[in-house]
Amino acid sequence: MTTDHATANSRPLERDAQVAMSHHDVSPNDIALGVVIGRASEYFDFFVFGIASVLVFPKVFFPFADPLTGTLYAFAIFALAFIARPLGSIFFMWVHKRHGRGVKLTAALFLLGGSTAAISFLPSYNSIGVVSIELLAILRVAQGFALGGAWDGMASLLALNAPRERRGWYAMIPQLGAPFGFMVASALFAFFVVNLTPEDFTDWGWRFPFFCAFTINVVALFARLRLVATPEFTRLLDKGQLEPVGIVDLARHHALDVWIGAFVPLASFALFHLVTIFPIAWLVLSSDRSAGDFLMVQFSGAVICAGAVAASGLIADQIGRRNMLLISAGLIAAFACGSILAPLIFGENAIGQTIYVNIGFMLLGLSYGQTTGAVTSRLGSRYRYTGAALTSDLAWLFGAGFAPLVVLYLSTAYGLAMVGVYLLSGALATLLALSLDRSEMRQM
């Protein structure tokens, strides 16, 4: 396909951008950078909301409830985004077909950044009553809906163009966005928690990380559009058949594969919020340890996680991604059993808490680093674009969306051992899904 032909067939709203970028060559390094920047901005938005669900929302939006109940209410709103995410994927696939990839991505990221930034301007419950909670819930749904549309095919394109012997390495690159996003979010909150009085932080300090989200998303948008708008990128996508297909068509040919793919990464996704959001809630509610101090412990854990994600790519290229997922699920199961047998590790022992979090982040990196390929292991190239998005949405919904809410409730009602029970169920689900899918894991 020539550049002129690619431009001639572009959607009208994308044509000018493609002409402007017609002399820009897209390299694998460009795609990798765009993927990491895009994913980091998305995870930043979600982690900012998750951290605020513990440190801010119970006081600002649920002051009528006790701290535990207020946090449970906040986690219920936190889960709404994961319900909205598959709906957003379906809607924005339609936008993609109708108006093009660039329009879809622009609308989704502006909605994601705008809804996150809008939270920073919300009045408190004491100012406008229950309307503040309703507005918070609406904006949270908008976050999830927008994230469903942020799928741009870059991760799939990067993997499809990877050398066979380095597919594990290229599969892990998009996953680096998660620890990078958490580093920025945790560092911002830690700065304000440490340097402001509790009153100032509750009044205005917490709003700054949300306000930053819009700027971060604009930067990420231009970094991604710089690639998406090029005819070369379009040619690469066309070559890999990375275009949206109808949901009915996908379900008719790959319904079982989508369900299996959604459960393969469950161990990793169950662990995801159990080392990021839940520990903050438990410590704030049950100990005197400074939240700012613990956020910096988690920052160091995210650094370890990033290193483990990179290591997962190297290991997977040596032993295979399916074996890597089996091993990491087994390690998470062992970690879960340890949590069941030694729940006091989350007690007042700061050293034990630090060790627990760092081990958890390490295991998260090893397992999460290869989930990109896991969710599309059996999808044909024609169904990979839509199937990857929806399978990932379902995996997040089942594995992570309700994890903070469920685990906080169970642990306060029945003890910290329930953290291990919940995590063990995710590891067993992954092992079962992998046993049902014995085919060789193919690259996304």
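## A tour from the salt bridges outward

Three salt bridges are counted in this structure, a salt bridge being a side-chain nitrogen of Lys or Arg within 4 Å of a carboxyl oxygen of Asp or Glu. The model is predicted, so local features need pLDDT of at least 70 and side-chain atom pairs count only at pLDDT 80 or more, while totals for chains, interfaces and linings use all residues. Residues are numbered from 1 along each chain as its sequence is written, and side-chain values use heavy atoms, with hydrogens and water left out.

**The whole chain.** With the protein in full view, colour by secondary structure: there are 24 helices and zero strands, where helices (H or I, at least four residues) and strands (E, at least two) are DSSP runs numbered from the N terminus. Of the 444 residues, 60% are buried; here buried means under 20% relative accessible area, exposed over 50%, and partly exposed in between (1.4 Å probe, protein chains only). Among contacts (heavy atoms within 4.5 Å) between residues at least 6 apart in sequence, 86% join residues at least 24 apart.

**R85 and D393.** Select these two side chains next; they meet in a salt bridge with an N to O distance of 2.7 Å. R85 belongs to helix α5 and D393 to helix α22, and the pair links distant parts of the chain, 308 residues apart. Both R85 and D393 are buried. Add S392, which lies in helix α22 (residues 384-401) and is buried at a relative accessible area of 16%; leaving aside neighbours within four places in sequence, S392 is in contact with R85 and F269.

**The other two bridges.** Move to D249 and R252, whose closest N and O atoms are 3.8 Å apart. These residues are three apart in helix α15 (residues 247-263), and therefore separated by about one helical turn. D249 counts as buried at 15% relative accessibility, whereas R252 is exposed at 59%. Then select D293 and R289, a salt bridge in which the closest N and O atoms are 2.9 Å apart; D293 is partly exposed, with a relative accessible area of 38%.

**The nonpolar interior.** Select L55, F57, F189 and W206, which touch the most other members of the largest nonpolar core, a set of 98 residues. Such a core consists of buried Ala, Val, Leu, Ile, Met, Phe, Trp, Tyr and Cys residues joined through side-chain atoms within 4.5 Å. Helix α3 (residues 28-55) gives this core its largest share, 12 residues. Centring on F57 and leaving aside its neighbours within four places in sequence, one finds contacts that include F49, I119, L136 and W206. A second, separate core of eight residues has V245, L250, L379 and Y383 among its members.

**An aromatic pair.** The structure holds 40 aromatic pairs, counted for rings of Phe, Tyr and Trp (its six-membered ring) whose centres lie within 6.5 Å, with planes under 30 degrees apart taken as stacked, over 60 as edge-to-face and the rest as tilted. Select F92 and F145, a tilted pair at 5.8 Å centre to centre with 55 degrees between the planes. Because F92 lies in helix α5 (residues 67-99) and F145 in helix α8, the pair ties together parts that are 53 residues apart in sequence. F92 is buried at 4% relative accessible area, while F145 is partly exposed at 24%.

**Out to the surface.** Finish on helix α8 (residues 130-149), which gives four residues to a nonpolar patch, the most of any contributor. V130 is found in helix α8 and counts as partly exposed at 47% relative accessibility.
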